[in-house]
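Visitor: I have a new chain open on my screen. Can you walk me through it?

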Amino acid sequence: MTPLLETRDLTVQFGGLTVVDSLDLSLNEGEVLGLIGPNGAGKTTVFNLLTAVYKPTRGQVLFRGESIHKLPPYAVPRRGIARTFQNIRLFGTLTALENVLIGHGHRVQEGLLQAILRNRSAREQRRAWIRRAEELLAFVGLGSAADEAATGLPYGKQRLLEIARALASECQVLLLDEPAAGMNPQEKTELMRLIRRISRELGKTVLIIEHDMRVVMELVDRVVVLEYGRKISEGLPEAVRND
């Protein structure tokens, strides 16, 4: 089976420092894959390489068998890959609904003339975007917070809003960078339930960076371990835990 997303000999150096070293990583359609390792192991750098924020010194990133590492970053969501960030990056003064609408932005087909005239087709399209954004907010448990400013939401709900915004891109692959960071145990349990629903009900393929081993071991199908930018272990959660 051809992986949905994969890297081959992926390497990136900053000056004389090798941050990711000869990484072969495969993500199969429909799975939830965990990427773990100590701080500084290169995990977030891998996300930046997968989304073309960084360009590799050597190697490839392939999505559905096609090379994507040379694309500009804005083109990657159009291919079907979306992400959240280790440090929350929301538009704080905008409402939760407006943040999710921004996630849909790269799929907007409205031209300048339609935007100015706001004809019937444009109005119907905008209503459809709003309905979809409201559905996604409800899906992540923020249905009642649509009109609240993003910065007015509790920290855990801001994390959920980032996920809703990423889902608004209608991605095939969702990259989650430490989504449980700063959450209490109850919030982490609800987050795991949400990620399972994203996988099973929405049919998304998920790659997750996470330090909480309870979350990793209970949630993912497979685990990859990085240390100093190199893959040192890979397999089922229980096998990796016993390695």
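Guide: We can start with the whole chain and then go to single residues. Keep in mind that this is a predicted model.

Visitor: Fine. How many helices and strands does the chain have?

Guide: There are 9 helices and 10 strands.

Visitor: What about its radius of gyration?

Guide: The chain has 18 Å. A compact globule of 243 residues would have a value near 18 Å, so the two agree. Along the principal axes, the C-alpha atoms fill a box of roughly 60 × 40 × 35 Å.

Visitor: And how much of the chain is buried?

Guide: Buried residues make up 50% of the 243. The exposed surface comes to about 11800 Å². Carbon and sulfur atoms supply 50% of that area.

Visitor: What share of the contacts link residues 24 or more positions apart?

Guide: They account for 67%, counting contacts with a separation of 6 or more.

Visitor: Charges next. How many positive and negative side chains are there?

Guide: The chain has 32 positive and 29 negative ones. The centres of the two sets lie 6 Å apart.

Visitor: Let's zoom in. Where is Glu-31?

Guide: Glu-31 sits in the loop between strand E2 (17–27) and strand E3 (32–36).

Visitor: A charged residue in a loop. Buried or exposed, Glu-31?

Guide: Glu-31 counts as buried, because its relative accessibility is 10% and the cut-off for buried is under 20%.

Visitor: So what does the Glu-31 side chain have as a polar partner?

Guide: The backbone nitrogen of Asn-28 lies 2.8 Å from a polar atom of that side chain.

Visitor: Which residues further along the sequence does Glu-31 touch?

Guide: Leaving out residues up to four places away, Glu-31 touches Ser-26, Thr-205, Val-206, Asp-221 and Arg-222.

Visitor: Thr-205 is on that list. Where does Thr-205 lie?

Guide: Thr-205 is in strand E8, residues 205–209. Thr-205 is buried, with a relative accessible area of 1%.

Visitor: And what does Thr-205 touch?

Guide: Its contacts, again without residues up to four places away, include Glu-31. Asn-28, Glu-29 and Gly-30 are among them too, as is Leu-27. Others among them are Leu-4, Gln-172, Val-173 and Leu-174.

Visitor: Switching topic. Why is helix H1 described as largely enclosed?

Guide: In H1, residues 43–50, 7 of the 8 residues are buried, so the rest of the structure largely encloses this helix.

Visitor: Which residues in H1 are buried?

Guide: They are Lys-43, Thr-45, Val-46, Phe-47, Asn-48, Leu-49 and Leu-50. Just after H1, Ala-52 takes a positive phi of about 65°.

Visitor: Positive phi, okay. What is the phi of Ser-22?

Guide: Phi of Ser-22 is near 55°, a positive value in a residue other than glycine. Ser-22 lies in strand E2. At 26% relative accessibility, Ser-22 counts as partly exposed.

Visitor: And where is Glu-170?

Guide: Glu-170 is in the loop between helix H6 (155–167) and strand E7 (173–177). Glu-170 has a positive phi of about 60°, although it is not a glycine. Its relative accessible area is 27%, which means partly exposed.

Visitor: Last one. Where does Lys-157 lie?

Guide: Lys-157 lies in helix H6. At 38% relative accessibility, Lys-157 counts as partly exposed. Lys-157 and Phe-139 are 18 residues apart along the chain, and their C-alpha atoms are separated by 13 Å.

Terms used: Residues numbered from 1 in each chain as written. Predicted model: local features only at pLDDT ≥ 70, side-chain atom pairs only at ≥ 80, totals over all residues. Heavy atoms only, no water. Helix = DSSP H or I, 4+ residues; strand = E, 2+ residues; numbered from the N terminus. Rg over C-alpha atoms; globule rule 2.2 N^0.38 Å. Buried < 20%, exposed > 50% of the residue type's maximum accessible area, 1.4 Å probe, protein only. Contact = heavy atoms within 4.5 Å. Areas by Shrake-Rupley, 256 points an atom, 1.4 Å probe, with all protein chains shown as cover. Lys, Arg positive; Asp, Glu negative; His and termini not counted. Charge placed at Lys NZ, Arg CZ, Asp CG, Glu CD. Polar contact = N/O pair within 3.5 Å; in protein donor to acceptor, adjacent residues only side chain to side chain.
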